[in-house]
Amino acid sequence: MPALVKGLRVVPDEWTLVGSGDVPDPVPERTILALEDWLPQRAALSGGRAGVWVEGDAEAEAVGPHVADLPLIAVHFPAFADGRGLSLGALLRTRYGFQGELRAYGDILPDLAQYLHRSGFDAFLLADRRSAEVAIASVGSITDHYQASVRQPVPAFRRR
Amino acid sequence: MYRYDEFDQRFIDERVAQYREQTERYLAGELTDDQFLQLRLRNGLYIQRLAPMLRIAVPYGTLSSEQLRALADISRRYDKGYGHLTTRQNVQINWPALEVVPDILGDLARVRMHCIQTSGSCIRNVTTDQFAGVAADERVDARPYCEIVRQWSTQHPEFDWLPRKFKIAFNGAAADRAAIHVHDIGIRVDRAGDDIVFDFLVGGGLGRTPAIGSVIRTELPERHLLTYLEAIMRVYNRYGRRDNKYKARIKILVRAMTPEVFRDRVDAEWEHLKDGPSTLTREEIDRVLRCFEPPAYPRREDQTALLAERRLASPGFNAWVRNNVAPHKVPGYAVVTLSTKLTGVPPGDVSDVQMDAVADWADRYGFGELRIGHEQNFVLPDVPQEHLFELWEHADAHGLASANLGLLTDIVCCPGGDYCSLANAKSIPVAEAIQREFDDYDYLHDLGPIDLNISGCMNACGHHHVGHIGILGVDKKGAEFYQIALGGHAGDDASLGKILGPSFSRDEVTGVIGKILDVYVDKRVEEEPFLHCVRRIGIAPFKERVYASAG
Ligand code: HEM
Ligand code: SF4
């Protein structure tokens with residue numbers, strides 16, 4: 001069973017992700033819609049009822065302007081070695097100031113958690129509980145990194 | 001050399017523990033082969049046709065005698081007593097058992113070494129001129145900047161899962177010994193008044209689609225180094241192709257976008273990053289620069305008379321000084337290249353005994369520091385001229401004094417079909433046959449500088465595109481054939497070789513090389529080097545001679 005890590009703890013997943021074009025009517029609380037499905041309905045859905053999902057190669061410019069209306073953005077990783085989602089996450093946090101839940105899902109290897117965490121993701125959906133625990137441990141496996149990141153915007157050389 | 005502080009040491013120690021845990025999960029069946037592949041590649045562990053191979057990072061080719069001794073020891077304990085110097089200034093060992101790799105990494109960490117990002121689709125070891133810091137033609141020692149980039153690129157949160165591997169090289173000398181024109185990013189370091197500035201070339205590379213990098217920024221001030229790199233990497237990470245690994249390098253993106261559009265994208269990205277927290281501080285630059293301050297050279301005089309006398313007395317020493325000894329910034333010293341290109345030994349292979357010996361010479365004839373060059377040789381950077389003869393005798397006894405540096409037989413060659421599963425053809429036996437055929441030093445010296453490069457397939461590990469003579473293994477209906485190109489060059493005014501024509505069987509290659517050299521000797525004017533001659537007369541005369549007599 002998939003396990004959700006949020007805030008470095010395994011927590012129940014309260015959200016339901018629906019495929020593109022699959023918009024329930026009415027849209028229940030805590031539904032994650034494809035960005036293109038959410039956009040036309042965004043006035044009706046504001047107030048934090050729905051989140052959106054995008055592919056890792058989505059343009060940050062397409063999601064960025066809407067972050068204030070979104071409680072959750074889920075970024076899909078088609079393969080764990082596809083790092084586009086990392087740049088997208090970092091951009092949503094740093095350039096667009098997204099404050100809500102930034103979730104990674106798809107092919108998430110526990111070892112990617114360290115990168116996800118540092119690129120601004122606070123939630124990752126893993127294959128099972130064991131993977132989730134490994135992911136949490138992996139975030140803490142390196143005490144401090146050299147460069148700046150979303151988590152630590154001050155690079156090590158300014159703190160040495 | 002860069003000196004680790006607690007931060008650096010803790011980082012590599014924790015990285016070893018992290019990798020150990022990953023290996024344990026793999027051995028326990030919790031990671032699939034494909035998953036573990038990506039993790040081990042980011043720690044330099046390849047599994048090749050015959051056996052695993054561990055690539056150890058030698059940042060920008062600089063290491064200490066203590067580190068080289070540790071490598072000798074590791075090769076003895078975990079390999080068959082051999083190491084291999086790579087064309088990217090690293091060291092590889094073969095046959096390490098997967099289970100013990102974490103222990104090897106632990107041993108390396110004790111001497112401040114690691115295998116981080118020596119393979120995989122991430123930012124690789126940053127390289128530079130093997131003569132950095134001592135070359136007489138140097139404007140700026142690029143190593144401090146390489147180190148700053150090494151640190152910045154190590155487990156970067158965004159850029160460790162790129163479309164493809166990514167190679168950055170710096171050059172701070174008049175001559176380009178770092179091949180910056182054929183790197184994903186090549187950076188030229190220069191002075192503008194009192195300031196250090198960088199020119200950025202992007203999108204060079206070899207492999208299937210060889211390309212010369214395009215200049216996208218000139219005279220970038222020093223403090224912006226990391227933010228500008230970040231802007232380039234972000235554009236590449238987001239837009240580089242991932243659907244086809246042969247089209248995934250940044251050169252393809254730059255070409256598809258055009259260098260101008262690519263540059264504009266980078267500039268737009270950089271607008272957001274410029275002057276942010278990753279902007280380098282004076283303190284940080286100075287902290288790293290201090291690690292690379294030149295040693296306190298005891299005062300010496302140039303030994304012109306002594307050397308002339310010795311050279312006259314010994315033709316072997318004479319040839320070696322002529323080819324393998326380069327001028328030093330400081331009077332009385334010399335830069336020595338110890339060649340690994342001995343006929344019959346695969347280029348770049350060194351034994352544990354040789355490594356220990358070289359480490360001893362680095363202490364005795366220098367300040368305990370040495371280099372690895374991309375031509376797969378060792379460099380002793382600070383040899384007092386009065387000790388050159390003595391060093392030559394030792395090097396000769398250890399098979400490290402081939403005086404062929406930069407000459408035809410100083411071949412750069414990939415492992416090829418003997419070791420590599422991707423090969424179309426063997427490459428080492430071709431190198432060996434050429435070395436055997438052309439073994440007359442007087443003839444080789446008369447020919448002058450010729451870079452001969454051999455790759456066993458179009459992945460171009462032997463950099464055949466930039467050989468003055470480039471040999472590429474091709475497959476012709478299951479048989480091994482060789483395509484020959486002329487006129488490639490990796491330095492300033494870099495160029496890619498032009499293919500002569502139909503390929504040759506292995507038996508024919510040496511004869512063809514002989515004919516190419518004959519044409520050169522016939523056609524050259526005065527001291528004209530081979531490359532210049534090819535550029536002047538074009539490949540037609542070579543083609544005529546080679547194919548006329550074949551038909
Ligand atoms: C036997 C094992 C080896 C295999 C299977 C192998 C495989 C490859 C492959 C697939 C590439 C692809 C380049 C691209 O991105 O298009 C490559 C590039 C390269 N390899 Fe190897 N390689 C091997 C050994 C070596 C060795 C021993 C060296 C050093 C002497 C080396 C040096 C390089 C270099 C410098 C490149 C980069 C060329 C470029 O700029 O794109 N390789 N290799
Ligand atoms: S060039 Fe080809 S044959 Fe040679 S090592 Fe690289 S992949 Fe193997």
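Biologist: Let me get the words straight: helices (H or I, at least four residues) and strands (E, at least two) are DSSP runs, numbered from the N terminus. So in what order do the elements of chain A run?

Modeller: This is a predicted model, so keep that in mind throughout. Starting at the N terminus, chain A goes β-β-β-β-α-α-β-α-β-α-β-α-β-α. That makes 6 helices and 8 strands for chain A.

Biologist: OK, and what radius of gyration does chain A have?

Modeller: Chain A comes out at 16 Å. A compact globule of 160 residues would be near 15 Å, so the value for chain A agrees with that. If you draw a box along the principal axes, the C-alpha atoms of chain A fill roughly 55 × 35 × 25 Å.

Biologist: And how many helices and strands are there in chain B?

Modeller: Chain B has 18 helices and 21 strands. Its C-alpha trace spans about 60 × 60 × 55 Å along the principal axes. The radius of gyration of chain B is 23 Å, and that agrees with the value near 24 Å for a compact globule of 551 residues.

Biologist: Back to chain A for a sec. Where's the cis peptide bond, and what's omega?

Modeller: Look at A:D25 and A:P26: the bond joining them is cis, with omega about -5°. A:P26 sits in the loop between β3 (16-17) and β4 (31-34) of chain A. A:R30 is in the loop between β3 and β4 too. A:R30 isn't a glycine, yet its phi is positive, about 55°.

Biologist: Now the two chains together. How many residues of chain A are in contact with chain B?

Modeller: 40 residues of chain A touch 47 residues of chain B. Between them the two chains bury about 3700 Å², and 53% of that is on carbon and sulfur atoms. On the chain A side, A:Y146, A:F157 and A:R160 lose the most area to chain B, together 20% of what that side buries.

Biologist: How many salt bridges are found across that interface?

Modeller: There are 8 salt bridges between chain A and chain B. One of the pairs is B:D8 with A:R160, where the closest N and O atoms are 2.7 Å apart. So A:R160 turns up twice: in that salt bridge and among the residues that lose the most area.

Biologist: Why would side chains like that pair up?

Modeller: Opposite charges can pair when the charged atoms come close.

Biologist: And how many residue pairs are in polar contact across the interface of chain A and chain B?

Modeller: 30 residue pairs. On the chain A side, the elements giving two or more residues are α3 (60-63), α4 (84-94), α5 (113-118) and α6 (129-139). α4(A) gives the most, with 5 residues. By class, the side of chain A that touches chain B has 19 nonpolar, 10 polar and 11 charged residues.

Biologist: Switching topic: which domains does chain B have?

Modeller: The domain assignment gives domain 1 (6-110), domain 2 (142-291), domain 3 (304-397) and domain 4 (412-550). Take domain 2 and domain 4 of chain B: their centres, over C-alpha atoms, are 31 Å apart. Their contact takes 13 residues from domain 2 and 13 residues from domain 4.

Biologist: How much do those two bury between them?

Modeller: Domain 2 and domain 4 of chain B bury about 1000 Å², with 65% of it on carbon and sulfur atoms. In domain 2, B:L206, B:R208 and B:I212 lose the most area to domain 4, together 43% of what that side buries. The salt bridge count between these two domains is 0, while 2 residue pairs are in polar contact. The domain 2 side has 9 nonpolar, 2 polar and 2 charged residues.

Biologist: How many salt bridges does the structure hold over all chains?

Modeller: 56 over all chains. One of them joins the side chains of B:D129 and B:R177, at 2.9 Å from N to O. That pair links distant parts of chain B, 48 residues apart: B:D129 is in the loop between β6 (127-128) and α5 (143-153), and B:R177 is in the loop between β7 (168-171) and β8 (185-192).

Biologist: Last one: where is B:S505 placed?

Modeller: B:S505 is in strand β21 (residues 504-505) of chain B. Leaving aside neighbours within four places in sequence, B:S505 is in contact with B:E480, B:F481 and B:Y482. B:K476 lies 29 residues from B:S505 in sequence, and their C-alpha atoms are 9.6 Å apart in space.

Notes. Residues are numbered from 1 along each chain as its sequence is written. Chains are lettered from A and ligands numbered from 1 in the order in which they are written. This is a predicted model: local features need pLDDT of at least 70, side-chain atom pairs count only at pLDDT 80 or more; totals for chains, interfaces and linings use all residues. Side-chain values use heavy atoms; hydrogens and water are left out. Domain bounds come from an automatic or database domain assignment. Contact means heavy atoms within 4.5 Å. Buried area is the accessible area (1.4 Å probe) that two parts lose on being put together, summed over both. A salt bridge is a side-chain nitrogen of Lys or Arg within 4 Å of a carboxyl oxygen of Asp or Glu. A polar contact is a pair of N or O atoms within 3.5 Å; within protein, one must be able to donate a hydrogen and the other to accept it, and residues adjacent in sequence count only if both atoms are side-chain atoms. Ala, Val, Leu, Ile, Met, Phe, Trp, Tyr, Cys and Pro count as nonpolar, Asp, Glu, Lys and Arg as charged, and the others, Gly among them, as polar. The radius of gyration is taken over C-alpha atoms; the globule rule is 2.2 Å times the number of residues to the power 0.38.
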